[in-house]
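Please open the structure in your viewer and keep the selection tool at hand. The tour below goes from one selection to the next and says what is there at each stop.

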Amino acid sequence: MRKLLALTAVVLLPTTALAESFDQAFNMNRGMYGKDHTFTWNGKQYSTNHQEDVEASVEATQANATALVEKAKAKNAEAGAVGFEWKLTKGLIKEAEAALAEGEYQKAMNLAAQAKYHARIGIQQHEYAESNWHLSIPQ
Amino acid sequence: MKIIKNLAVSVGLIMSAQLATAAGNTLETVDPEADRIALQNFYKKRFPEAEIADYVNGIYAVDAGSREQWNELEEFPPYEFDVEAGETLFNTPFANGQSYADCFENGGIGIRQNYPYWNKEQGTVKTLEMEINECREKNGEKPLKWGKGPIAQISAYMAWTSRDNTIDIKIPEDDKRALAAYLEGKKFFYTKRGQLNLSCANCHMQGSNIRIRADLPSPALGHTTHFPVFRSKWGELGTLHRRYKGCHQDSRSKPLEMQSEAYRNLEYFQTYMSNGLVVNGPGARK
């Protein structure tokens with residue numbers, strides 16, 4: 001029986017534990033240290049920055065801020081189309097647009113990055129739910 | 001040889017576990033009656049003291065303290081005036097001389113238990129509120145707003161005339177689209193969404209009668225039996241879809257429109273889960 005359990009664990013391991021461990025490591029490090037932190041996973045170094053943190057770290061110009069706000073709007077429209085728009089995202093985009101209009105480009109980029117992150121994770125949530133929603137049903 | 005045998009058994013175990021999780025969750029395998037019984041069994045295990053028939057009373061079926069307060073509230077039901085207003089509205093003829101009674105089976109009396117239902121001709125789930133507004137439009141009147149006010153009052157009166165009638169939602173076998181709508185409702189109920197990554201089930205199954213700040217989420221079983229409700233937080237009567245919208249927003253999602261297809265499918269699923277329970281709307285809730 002022990003051997004059977006061990007074998008089951010070995011077969012399951014690659015599809016469960018290992019597949020998720022990067023996300024777990026990333027989320028734990030991001031949660032503990034915030035952005036701009038470096039962590040090691042499986043012998044390699046990774047940053048805790050989201051892709052939106054990187055997008056907001058370029059030079060704060062009108063063109064860059066406008067581009068990021070547009071990206072956030074497009075991504076949020078994508079999330080809305082599948083019914084997974086989050087509650088605060090539209091407000092963040094409005095604030096980003098207001099900052100852009102005021103010439104506060106870094107502020108606009110930070111807000112747009114946050115909005116785009118919301119939208120991106122909303123879409124991920126939808127994709128995950130499409131094949132895993134039934135896992136919430138108590139057995 | 002033994003290793004190979006064990007490995008084969010392991011793979012078999014994994015495959016059967018995967019099949020088990022898929023069972024009942026696709027159009028080919030979904031079984032509404034099995035779902036209904038499974039939901040009842042979930043609550044029988046979760047709250048062994050509570051009677052299934054009592055789940056029409058929401059959280060008051062499982063929390064004695066809340067029930068005590070509710071019993072006192074029900075001595076002078078806060079929805080009473082709305083039922084009276086609903087009766088007046090229901091019986092007031094439209095400008096063309098027709099009335100709501102002309103639009104519904106049995107003159108609209110004692111029919112709440114049959115809603116929502118699958119409309120084969122239109123290929124969609126029809127709710128009571130939807131048909132109230134369709135009746136108005138058919139008779140040259142403007143539709144009412146979905147969440148509160150007159151539509152909730154008319155719905156409350158119609159529920160009142162249906163009290164104690166057994167809920168009997170049907171999923172016609174000759175139209176696969178009905179089962180698909182049910183499945184969509186079920187999927188919505190169990191899907192995690194919003195910034196808080198919560199599904200309806202998270203709060204109303206696993207989380208029922210467990211505090212979220214000062215609130216105790218109600219059990220999902222019997223959810224639709226008592227709507228519309230006079231909610232103390234609202235200070236007025238509201239429809240089921242108003243509550244859906246609020247709940248959806250509580251997960252930090254942008255809520256859908258009331259009477260959207262997704263909410264109607266959700267109502268179809270949830271009300272089917274209440275088959276066998278009785279209509280006890282309108283209700284009073286915290």
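What follows is a walk through a predicted model, beginning with its confidence scores and then taking each chain in turn.

**Confidence**

Begin by colouring the whole model by pLDDT, bearing in mind that this is a prediction with an ipTM of 0.85 and a pTM of 0.89. Chain A has an average pLDDT of 89, with 86% of its residues scoring at least 70. Select residues 9-17 of chain A, where the pLDDT is below 50 and where the model has five contacts beyond near neighbours in sequence. Chain B has a mean pLDDT of 93, and 92% of its residues reach 70 or more. In chain B the stretch to select is residues 9-20, over which pLDDT stays under 50 and for which the model has nine contacts beyond four places in sequence.

**Chain A: a loop residue**

Go next to Asp36(A), which sits in the loop between α1 (2-33) and β1 (38-41) of chain A. Its phi is near 65 degrees, a positive value in a residue other than glycine. That deserves a look because most residues other than glycine have a negative phi.

**Chain A: helices α3, α4 and α5**

Now select helix α3 (residues 62-81) and helix α4 (residues 89-101) of chain A, whose axes come within 10 Å and cross at roughly 160 degrees. Because the angle is over 145 degrees, α3(A) is roughly antiparallel to α4(A). The crossing in which α3(A) passes α4(A) is left-handed. To see the contact itself, show the side chains of Ala65(A), Thr66(A), Val69(A), Ala72(A), Lys73(A) and Asn76(A) on α3(A), which meet Thr89(A), Lys90(A), Ile93(A), Ala96(A), Glu97(A) and Leu100(A) on α4(A). Sorted by class, the residues of this contact are six nonpolar, three polar and three charged.

Keep α4(A) selected and add helix α5 (residues 105-132) of chain A, which packs against α4(A) at an angle of about 160 degrees with the axes 8 Å apart. This angle makes α4(A) roughly antiparallel to α5(A), and the crossing of these two helices is left-handed. On the α4(A) side the contact includes Leu92(A), Ile93(A), Ala96(A), Ala99(A) and Leu100(A), while among the residues they meet on α5(A) are Ala108(A), Leu111(A), Ala112(A), Ala115(A) and His118(A). The contact of α4(A) with α5(A) has eleven nonpolar, three polar and two charged residues. Ile93(A), Ala96(A) and Leu100(A) are in the contact with α3(A) and also in the contact with α5(A).

**Chain B: two domains**

Turn to chain B and colour it by its domain assignment, which gives domain 1 (26-77 + 172-285) and domain 2 (80-160). The C-alpha centres of domain 1 and domain 2 of chain B lie 22 Å apart, and the contact takes 25 residues from domain 1 and 24 residues from domain 2. Which elements of domain 1 give two or more residues to the side that touches domain 2 of chain B? They are α7 (176-190), β4 (236-238), α9 (240-250) and α10 (261-273) of chain B, with the largest share, six residues, coming from α10(B). By class, this side of domain 1 of chain B has eleven nonpolar, seven polar and seven charged residues.

**Chain B: α7 against α10**

Stay in domain 1 and isolate α7(B) and α10(B), which pack at an angle of about 90 degrees with their axes 7 Å apart; the two helices are therefore roughly perpendicular to each other. Residues to display on α7(B) include Ala181(B), Tyr182(B), Gly185(B), Phe188(B) and Phe189(B), and those they meet on α10(B) include Ala262(B), Leu266(B), Phe269(B) and Tyr272(B). The residues of this contact divide into nine nonpolar, three polar and two charged.

**Chain B: two cis peptide bonds**

Finish with the backbone, where most peptide bonds are trans. Select Tyr115(B) and Pro116(B), which are joined by a cis peptide bond with omega about -5 degrees; Pro116(B) lies in the loop between α4 (80-91) and β1 (117-119) of chain B. Then move to Phe227(B) and Pro228(B), where a cis peptide bond has an omega of about 0 degrees, and note that Pro228(B) is placed in the loop between α8 (200-206) and β3 (229-231) of chain B.

How values were computed: Residues numbered from 1 in each chain as written. Chains lettered and ligands numbered in written order. Predicted model: local features only at pLDDT ≥ 70, side-chain atom pairs only at ≥ 80, totals over all residues. Axes fitted to C-alpha atoms, helices over the stretch in contact; angles between N-to-C directions. Helix = DSSP H or I, 4+ residues; strand = E, 2+ residues; numbered from the N terminus. Parallel < 35°, antiparallel > 145°, perpendicular 65-115°, else oblique. Left-handed = near helix turned anticlockwise from the far one by under 90°. Contact = placed C-beta atoms within 7 Å. Nonpolar A, V, L, I, M, F, W, Y, C, P; charged D, E, K, R; others polar. pLDDT = per-residue confidence, 0-100. Domains from an automatic or database assignment.
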